Amino acid sequence: PIRSATSFSYELPFGKGKPFLNANTLLDYLVAGWALNGVAIFEPGFPLPIYQSNLNSAYGYGMQRPNATGVSPGTSGSLESRLYHYINPAAFSLAPAGTFGNVARTLPLRGPGMANWDASLFKSFALGEKLKGQFRLEALNAFNTPLFASPSTNLSSPSTFGQITTQSNFARQLQLALRFSF
């Protein structure tokens with residue numbers, strides 16, 4: 001899959017030496033030294049390999065693929081509405097023992113993709129001439145976007161086939177920190 005990542009770091013234009021709100025010392029302590037940072041990662045899902053219980057293991061084969069019925073394996077709607085029917089089971093039939101099945105190794109249908117944003121807000125300040133400080137507010141998975149795992153692709157398990165039952169990332173995490181350097 002093609003992965004796209006982007007990052008940014010932007011120092012806000014306020015305070016001493018900046019274009020805005022630069023005339024007042026008290027105001028400088030409040031609004032100067034702020035920076036906004038972010039990292040975004042976008043990735044499409046992986047191809048889905050459909051398989052069934054191996055009826056050919058006695059012949060030395062490690063995996064058996066089912067047969068295609070000619071029906072499209074894709075379903076429509078938003079990802080959240082398709083969690084329990086991401087793959088159309090009517091698109092496949094079990095291949096009998098002694099046959100290989102005619103489904104390709106992977107389908108053009110892909111599993112769910114990923115969209116993740118991490119963001120932070122920093123405030124740098126000086127305490128005298130030698131001591132410097134930084135306040136940090138960091139948000140991992142800032143928009144609390146779920147990353148769903150791929151659906152079950154074992155056609156021999158009809159109760160779970162085509163269903164997405166797990167999430168692969170964590171919920172939004174916030175952390176505050178205070179850093180001093182001297």
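Mentor: Let us begin with serine 120, which, once its neighbours within four places in sequence are set aside, is in contact with Ala35, Leu36, Asn37, Leu137 and Glu138. Please keep in mind as we go that this is a predicted model.

Trainee: Where is serine 120 placed, and is it buried or exposed?

Mentor: Serine 120 sits in strand β5, which covers residues 114-127. A residue is called buried when its relative accessible area is under 20%, and serine 120, at 12%, is therefore buried.

Trainee: Tryptophan 117 also lies in strand β5, so how should I read a relative accessible area of 31%?

Mentor: Partly exposed is the name for values between the buried cut-off of 20% and the exposed cut-off of 50%, and because tryptophan 117 has 31%, it is partly exposed. Tryptophan 117 also helps to make a nonpolar surface patch of about 580 Å², together with Phe8, Tyr10, Leu36, Phe42 and Phe143. Two elements, β1 (4-11) and β2 (34-43), each give two or more residues to that nonpolar patch.

Trainee: Which residues touch the most other members of the largest nonpolar core?

Mentor: A nonpolar core is a set of buried residues joined through side-chain atoms. The largest one here has 14 residues, of which Ile50, Ile87, Phe92, Leu107 and Phe161 touch the most other members. If we take leucine 107 and do not count residues up to four places away in sequence, we find that it touches Pro47, Leu48, Ile50, Pro73 and Phe92.

Trainee: What can I say about glutamine 52, in the loop between β2 and β3 (67-68)?

Mentor: With a relative accessible area of 3%, glutamine 52 falls under the 20% cut-off, so it is buried. Apart from its neighbours within four places in sequence, glutamine 52 has contacts with Gln64, Arg65, Pro66, Ser93, Leu94, Ala95, Asn154, Leu155 and Ser156.

Trainee: How many residues apart in sequence are asparagine 102 and arginine 65, and what is their distance in space?

Mentor: Separation along the chain and separation in space are read as two values, and for this pair they are 37 residues in sequence and 6.9 Å from C-alpha to C-alpha. Asparagine 102 belongs to the loop between β4 (92-93) and β5, and because its relative accessibility of 51% is over 50%, it counts as exposed.

Trainee: Which residues is asparagine 102 in contact with, leaving aside its neighbours within four places in sequence?

Mentor: They are Pro66, Asn67 and Ala68. For alanine 68, the backbone nitrogen lies 2.6 Å from a polar atom of the asparagine 102 side chain.

Methods: Residues numbered from 1 in each chain as written. Predicted model: local features only at pLDDT ≥ 70, side-chain atom pairs only at ≥ 80, totals over all residues. Heavy atoms only, no water. Helix = DSSP H or I, 4+ residues; strand = E, 2+ residues; numbered from the N terminus. Buried < 20%, exposed > 50% of the residue type's maximum accessible area, 1.4 Å probe, protein only. Contact = heavy atoms within 4.5 Å. Patch = residues over 30% accessible without salt bridge, like charges linked within 9 Å, V, L, I, M, F, W, Y side chains within 5 Å. Areas by Shrake-Rupley, 256 points an atom, 1.4 Å probe, with all protein chains shown as cover. Salt bridge = Lys/Arg side-chain N within 4 Å of Asp/Glu carboxyl O. Core = buried A, V, L, I, M, F, W, Y, C linked by side-chain atoms within 4.5 Å. Polar contact = N/O pair within 3.5 Å; in protein donor to acceptor, adjacent residues only side chain to side chain.
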